[in-house]
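Please look over the chain shown below before reading on. The paragraphs that follow lead from one backbone detail to the wider fold and then to the contacts that join its parts.

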Amino acid sequence: SSSPNADHDRATLWATIYYCLRCGDACAALITLQNAPSNIAIPQPFHTVFTQLANYQTSHDAKSLFFTPSPSSSNNNTHQPPASLAAIISPQTRIALVELYHTVKTRSRSTTDHNTATNEDNDTETMFQLASLALLSLAEPLTSSSSNSPSSPAANVIQTIEDYIFASLWMAYHQTPSNFPSTNTSCEEHVAQLGQLLQHWGPSYFEGTDDSSNSVPSS
């Protein structure tokens with residue numbers, strides 16, 4: 001078994017990677033991976049995808065993947081819509097990310113089913129690694145009922161209404177019919193559904209004043 005310090009290092013690493021992604025800073029995520037302790041094994045798809053994302057961010061002189069300066073702007077105060085993941089990440093990389101997502105998810109389910117002893121750091125590592133993979137691969141929404149199950153800890157990163165809106169908008173923007181033929185709901189329709197969902201559940205659900213606030217509403 002690994003040492004408590006190693007477990008903590010891995011938990012910290014994957015939490016940092018997730019929040020770099022949450023901020024849209026692929027360059028920071030790549031630097032985090034490159035500076036990871038040598039005793040932490042980083043799956044190759046992470047290096048590949050963040051290299052592709054960081055190259056895009058750098059080539060567009062963007063501080064964040066979410067805010068790409070408009071080419072026609074001389075002062076960088078105007079922005080163009082961010083590129084979709086499908087336009088930045090190669091198909092081969094996305095396939096590798098989807099496969100890795102399901103591998104990590106199956107491993108976490110196996111650990112739960114066999115009641116293997118875990119600690120808080122191991123749980124944190126799995127949660128943030130799976131959440132990062134869910135966002136990058138678009139294999140499964142963080143807000144879906146299937147993700148929000150005891151055997152899939154990725155959805156546990158959603159603790160606030162801001163977390164929920166971010167995860168919902170991420171999927172709405174990146175998983176569209178033009179990028180995924182199997183998807184027939186447009187970004188605009190996803191956003192409208194999100195608004196209806198938030199209106200239906202109300203602020204008390206997300207702000208912790210409702211007894212049911214510990215579960216994620218399914219769309």
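In which loop is Asp-61 found? In this predicted model, Asp-61 sits in the loop between helix 3, residues 44-59, and strand 1, residues 68-69. Its backbone deserves a careful look, since phi of Asp-61 is near 50 degrees, a positive value in a residue other than glycine. Most residues other than glycine have a negative phi. With a relative accessibility of 54%, Asp-61 counts as exposed, because the cut-off for that class is over 50%.

The loop that holds Asp-61 runs from a helix to a strand, and the wider order of elements can be read from there. Along the sequence the chain follows the pattern α-α-α-β-β-α-α-α-α-α-α, which comes to 9 helices and 2 strands. Of the 219 residues in the chain, 43% are buried. The accessible surface of the chain is about 11,600 Å², and 52% of that area belongs to carbon and sulfur atoms. Among the contacts in the chain with a separation of 6 or more, 63% are accounted for by residues 24 or more positions apart.

One place where separate parts of the sequence meet is at Ala-26, a residue of helix 2, which spans residues 26-34. Ala-26 has a relative accessible area of 2% and is therefore buried. Leaving aside residues up to four places away in sequence, Ala-26 touches Phe-50, Leu-53, Ala-54, Gln-57 and Leu-65. The C-alpha atoms of Ala-26 and Tyr-56 are separated by 9.0 Å, although these two residues are 30 residues apart along the chain.

Helix 6 covers residues 120-137, and its 18 residues reach 25 Å from the first C-alpha to the last, close to the 26 Å expected at 1.5 Å a residue. Because 13 of the 18 residues of helix 6 are buried, this helix is largely enclosed by the rest of the structure. What value does phi take at Leu-138, just after helix 6? Leu-138 has a positive phi of about 60 degrees although it is not a glycine, and its place is in the loop between helix 6 and helix 7, the latter running over residues 161-174. At 4% relative accessibility Leu-138 counts as buried, whereas Asp-61, which also has a positive phi, counts as exposed at 54%.

Helix 8 offers another case in which the residue that follows a helix has a positive phi. This helix takes in residues 187-201, and its 15 residues reach 21 Å from first C-alpha to last, close to the 21 Å expected at 1.5 Å a residue. The residue after helix 8 is Gly-202, with a phi near 80 degrees.

The charged side chains add further links between the elements. Side chains of opposite charge can pair when their charged atoms come close. The structure holds 4 salt bridges. In one of them, the side chains of Glu-125 and Arg-10 meet with an N to O distance of 3.1 Å, and the pair links distant parts of the chain, with Glu-125 in helix 6 and Arg-10 in helix 1, residues 4-23, 115 residues apart. Glu-125 is buried, with a relative accessible area of 14%, and Arg-10 is buried as well, with a relative accessible area of 16%. Asp-7, Arg-10 and Glu-125 are linked in a network of salt bridges.

Helix 1 also takes part in a salt bridge between Asp-163 and Arg-22, whose closest N and O atoms are 2.7 Å apart. Since Asp-163 lies in helix 7 and Arg-22 in helix 1, the pair ties together parts that are 141 residues apart in sequence. At 11% relative accessibility, Asp-163 counts as buried.

A further salt bridge joins Glu-140 and Lys-105, with the closest N and O atoms 3.1 Å apart. Because Glu-140 lies in the loop between helix 6 and helix 7 and Lys-105 in helix 5, residues 91-113, this pair ties together parts that are 35 residues apart in sequence. Glu-140 is buried, with a relative accessible area of 9%, and Lys-105 counts as buried at 11% relative accessibility. The loop that holds Glu-140 is also the place of Leu-138.

Definitions and conventions:
Residues numbered from 1 in each chain as written. Predicted model: local features only at pLDDT ≥ 70, side-chain atom pairs only at ≥ 80, totals over all residues. Heavy atoms only, no water. Helix = DSSP H or I, 4+ residues; strand = E, 2+ residues; numbered from the N terminus. Buried < 20%, exposed > 50% of the residue type's maximum accessible area, 1.4 Å probe, protein only. Contact = heavy atoms within 4.5 Å. Areas by Shrake-Rupley, 256 points an atom, 1.4 Å probe, with all protein chains shown as cover. Expected span 1.5 Å × (residues − 1).
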